Amino acid sequence: MPMSSFSASVCVFCGSRPGLRASYEAAATETGEMLARKGWRLVYGAGDVGLMGSVARAAQGAGGASFGVIPRHLVEAETGKTDLDTYVVTETMHERKKVMFMNADAIVMLPGGAGSLDEFFEVLTWRQLGLHDKPILLLDIDGYWQPLRQLINHVIDEGFANDSLKSFIHYVSSVKALEKALAETLLA
C-alpha cells in the first residue's frame, strides 16, 4: 500500500532499458526500496520498462509514494505505469522534464542513455545558470558515469565552463552512499 505522505521528493533519471550489467538493475531496485524506506517520494518518467520499471516497482513494493510523468507518444513504448500514486501524461518531452523537475527536491541519475543524459544536462544547465539549487547526484555503478565525469572536466579544461560546474554534480558509487548524500542534502 502506497504511503499517503512523504518528507521529500527525489527525481530519478534512468534508462528505459536494463543495460548489460545485472548491477544496474540491482542498483535501481535498491534505490527504489531505499527511497520508500526513507519516506521519500519517487518522481520519475512513469515507464514500466528497463531501470525505470525496476526502480518504480521496488519503491511501490516497499510502500513508497510514486509520481510518474510520461509524454503521450511514449505511453505505449515505455509501457506507462498507470498504477502510480500520481500518473501525469504530458504532450511533449520538454513538458515531462519540467513537471518532473518542479515536483522534486533532489535529482538522481542512474545508468541510462541519451534520454537520461538529456534530462541531466538540462537540470545541470539550469543549476549553472542559477535557476535552482537542487542537489544533482549520479549513481556511478561500476564506473558507468566516469566517461561523463571526464567530459565535464574536458569542457572545463577547454574553457567552456567554470570550475564551479563540477561542484554541482555529486558522484556516489553505491546506493548506501546515495542514501547518505541525499539525507545530508534533503535535511540541510
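**Exercise 1. The length and setting of α2**

What should the 12 residues of α2 span at 1.5 Å a residue, and how far apart are its end C-alpha atoms?

*Solution.*
1. The expected span is 1.5 Å times one less than the number of residues, which gives 16 Å for the 12 residues of α2.
2. The end C-alpha atoms of α2 are 17 Å apart, which agrees.
3. A word on conventions: helices (H or I, at least four residues) and strands (E, at least two) are DSSP runs numbered from the N terminus.

This is a predicted model, in which local features need pLDDT of at least 70 and side-chain atom pairs count only at pLDDT 80 or more, while totals for chains, interfaces and linings use all residues. Residues are numbered from 1 along each chain as its sequence is written, and side-chain values use heavy atoms, with hydrogens and water left out.

Now look around the helix: how many of the 12 residues of α2 are buried?

4. Buried means under 20% relative accessible area, exposed means over 50%, and partly exposed lies in between (1.4 Å probe, protein chains only).
5. In α2, 10 of the 12 residues are buried, so the rest of the structure largely encloses this helix. Among them are L51, M52, V55 and Q60.
6. The cover over these buried residues includes α1, β2, β3 (66-71) and α3 (93-102), by contact (heavy atoms within 4.5 Å).
7. After α2 comes G63, with a positive phi near 85°.

**Exercise 2. How two helices cross**

Describe how α1 (residues 22-38) and α2 (residues 50-61) meet.

*Solution.*
1. Start with the axes, which are lines fitted to C-alpha atoms, for helices over the stretch in contact, with angles running from 0 to 180 degrees between N-to-C directions. Those of α1 and α2 come within 7 Å and cross at roughly 35°.
2. Next, the hand: the crossing of α1 past α2 is right-handed, meaning that the near helix is turned clockwise from the far one by less than a right angle.
3. Then the partners: on the α1 side they include Y24, A28, G32 and A36, and on the α2 side they include L51, S54, V55 and A58.
4. Sorted by class, this contact has seven nonpolar, four polar and two charged residues. Here Ala, Val, Leu, Ile, Met, Phe, Trp, Tyr, Cys and Pro count as nonpolar, Asp, Glu, Lys and Arg as charged, and the others, Gly among them, as polar.

**Exercise 3. Into the core**

Which residues have the most contacts inside the largest nonpolar core, and which element supplies the largest share of this core?

*Solution.*
1. A nonpolar core is a set of buried Ala, Val, Leu, Ile, Met, Phe, Trp, Tyr and Cys residues joined through side-chain atoms within 4.5 Å. The largest has 34 residues, and W40 and L182 have the most contacts inside it.
2. At least two residues of this core come from each of β1 (8-13), α1, β2 (40-44), α2, β5 (106-109), β6 (136-139) and α6 (175-186).
3. The largest share, six residues, belongs to α6.
4. Apart from this core lies another, of 24 residues, including A104, M109, V123 and W126.
5. Back to L182: beyond residues up to four places away in sequence, L182 touches V10, M34, L35, W40, A106, V108, L137 and L187.
6. One of these partners, M34, is in helix α1 and is buried, with a relative accessible area of 0%. Leaving aside neighbours within four places in sequence, M34 contacts W40, V175, L178, E179 and L182.
7. The buried residues of α6, among them V175, L178 and L182, pack against β1, α1, β2, β5, β6 and β7 (169-172).

**Exercise 4. Positive phi outside glycine**

Compare A46 and D142: where does each lie, and is each buried or partly exposed?

*Solution.*
1. Recall the background: most residues other than glycine have a negative phi.
2. A46, which is not a glycine, has a positive phi of about 65°. A46 sits in the loop between β2 and α2 and is buried, with a relative accessible area of 0%.
3. D142 also has a positive phi, near 55°. D142 belongs to the loop between β6 and α5 (146-157) and is partly exposed, at 47% relative accessible area.

**Exercise 5. Shared partners**

Which residues do G112 and S116 touch beyond four places in sequence?

*Solution.*
1. G112, in the loop between β5 and α4 (114-128), is buried at 11% relative accessible area. G112 touches C14, G15, Y144 and W145.
2. S116, in helix α4, is buried at 3%. S116 contacts F13, C14, G15 and M109.
3. Reading both lists, C14 and G15 appear in each.
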